[in-house]
Amino acid sequence: MKHIKCSGTPYEIGQQHGQNAKTEVHGSIAFYEAFFKERTQLSWSQVRDVARAFSPLLESTYPHFMEEMKGVADGAGTDLDSIIALNVRTEIAYGMLSDGCTAFTWKTSDESFIAQNWDWRIEQTPNIISLSIEQLPKPTIKMMTEGGIIGKIGLNSAGVGVTLNAIAAPGVSYNKLPVHLALRTVLDSSSREEAANALRKVGVAAAGHITIADAPTGAIGFECSALDIVEMPMDQRGICTHSNHLVKEHKVQGSAFLPDSPFRLIRIQELMGGIDRPNMQALSEVLKDEKNYPASICRAVGEKSAMQTLFSIVMDLTQGFARVKMGRPSENGEVFELRP
């Protein structure tokens, strides 16, 4: 795993990202160029046109994100529109990307955990990076991301963690925050409430479920579409779970684009019900579950899908670290910790 440390101004952070992950940035562009052509019949020049439609919002309201993306583009030796396209990849496919992830959180009186398996096309494996961002006075971030994407799954030095589940629902809003930049906004925040308020204020541009958690208050789920956000609080045990379909009523109609999504949600709830108290080991075991293989929580490539669990992450927000395992969690893979 390539671990990249960035610090300084937004542009400098992006430039260091682009320079040190040049191979992975270009790999991501190549992967998504092929993916969008297959998925949406859009050429890369058309993809960049769609990405450009987000520029007015980003330049006026989130200039620090634009500066960081400019830095990534310059550092990697590519154009800004291609980097914006990577960061609005969910929106370019109009909320129809098939990430097959299963996520959960658990808050007790003295502990707070957030975890997920990240399932995606196996061809993107070489372009995953571990990114560290020091950006005083904001919290320091440690996240798992794809080369060129400035917001993803991880935690920060303030004890805030975030995960993402993709959801199929039509629509994209160019005056709201793209999904991956919403994740970065959470990681830039000092508390769950600060992050939640930031997303409530602007909204999210396409469908997805974002789980926001911190050590003192636990988690809240934001089930988003291009038109609305429905908030999903923790249950009586302090648990919040999600997979890849709309659970609540929305202004748009979603679809379970992965037929196994309802099964995985029920299964994760069953497994959590069998644990008395959360700990790193017990929650890591949950992510290894292979019931309904290959379309299981621990996903494998099958006849109908090229997706697989590419990494798993369990974050102990109380202790302030995450444990990441590359590849399918039931198999041998590189293991390392993230400590912002």
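## Pockets, buried helices and lone cysteines

Fourteen residues line the second largest pocket, and Asp235, Ile239, Cys240, Thr241 and Gln269 are the ones that lie nearest its centre. Keep in mind that this is a predicted model. The space in that pocket comes to about 240 Å³. Three elements each put at least two residues into its lining: strand S10 (229-233), strand S11 (239-242) and helix H10 (261-273). Sorted by class, the lining of the second largest pocket holds 8 nonpolar, 2 polar and 4 charged residues.

Now for the largest pocket, which offers about 360 Å³ of space. Its lining is made of 20 residues, with Leu258, Asp260, Arg299, Lys304 and Ser305 lying nearest the centre. Helix H2 (22-40) and strand S3 (112-121) are the elements that give two or more residues to this lining. H2 has the largest share, at 3 residues. As for chemistry, the lining of the largest pocket splits into 10 nonpolar, 3 polar and 7 charged residues.

Here are the two pockets in brief.

| Pocket | Volume | Lining | Classes in the lining |
|---|---|---|---|
| Largest | about 360 Å³ | 20 residues | 10 nonpolar, 3 polar, 7 charged |
| Second largest | about 240 Å³ | 14 residues | 8 nonpolar, 2 polar, 4 charged |

H2 also carries Arg39. With a relative accessible area of 30%, Arg39 is partly exposed. If you want a sense of distance, take Arg39 and His250: they sit 211 residues apart along the chain, and 25 Å separates their C-alpha atoms.

Next, the helices. How much of helix H6 (residues 80-87) is buried? Mostly covered is the verdict, with 7 of its 8 residues buried. Those are Asp81, Ser82, Ile83, Ile84, Ala85, Leu86 and Asn87. The cover over the buried residues of H6 includes H2, helix H3 (44-52), helix H4 (55-61), helix H5 (63-76), helix H7 (89-92) and helix H8 (179-187).

H3 has its own buried set, made up of Trp44, Val47, Val50 and Ala51. Looking down the axis of H3, you find these buried residues within an arc of 110 degrees, so they line one face of the helix. Among the elements covering them are H2, H4, H6 and H7. H3 and H6 thus show up in each other's cover: H3 is listed for H6, and H6 is listed for H3.

H8, part of the cover of H6, is where Thr185 is found. Is Thr185 buried or exposed? Its relative accessibility is 11%, so Thr185 counts as buried. Setting aside neighbours within four places in sequence, Thr185 makes contact with Phe65, Leu177, Ala198 and Leu199.

Last up, the cysteines. How many disulfides does a search of the whole structure find? The count is 0. Take Cys101: the closest cysteine sulfur belongs to Cys298 and is 13 Å from that of Cys101, which is too far for a bond. Cys101 is also buried, at a relative accessible area of 0%. Cys224 tells a similar story, because its sulfur lies 12 Å from the closest cysteine sulfur, in Cys240, again too far for a bond. Cys224 is buried as well, with a relative accessible area of 0%. Cys240 brings us back to the start, being one of the residues that lie nearest the centre of the second largest pocket.

Notes: Residues numbered from 1 in each chain as written. Predicted model: local features only at pLDDT ≥ 70, side-chain atom pairs only at ≥ 80, totals over all residues. Heavy atoms only, no water. 1 Å grid on protein atoms, 1.4 Å probe; cavity = no way out; pocket = protein on both sides within 12 Å on 5 of 7 lines; lining within 4 Å. Points joined across faces, edges and corners; volume = space filled by probe spheres on them. Helix = DSSP H or I, 4+ residues; strand = E, 2+ residues; numbered from the N terminus. Nonpolar A, V, L, I, M, F, W, Y, C, P; charged D, E, K, R; others polar. Buried < 20%, exposed > 50% of the residue type's maximum accessible area, 1.4 Å probe, protein only. Contact = heavy atoms within 4.5 Å. Arc of directions from axis to C-beta. Disulfide = S-S within 2.5 Å.
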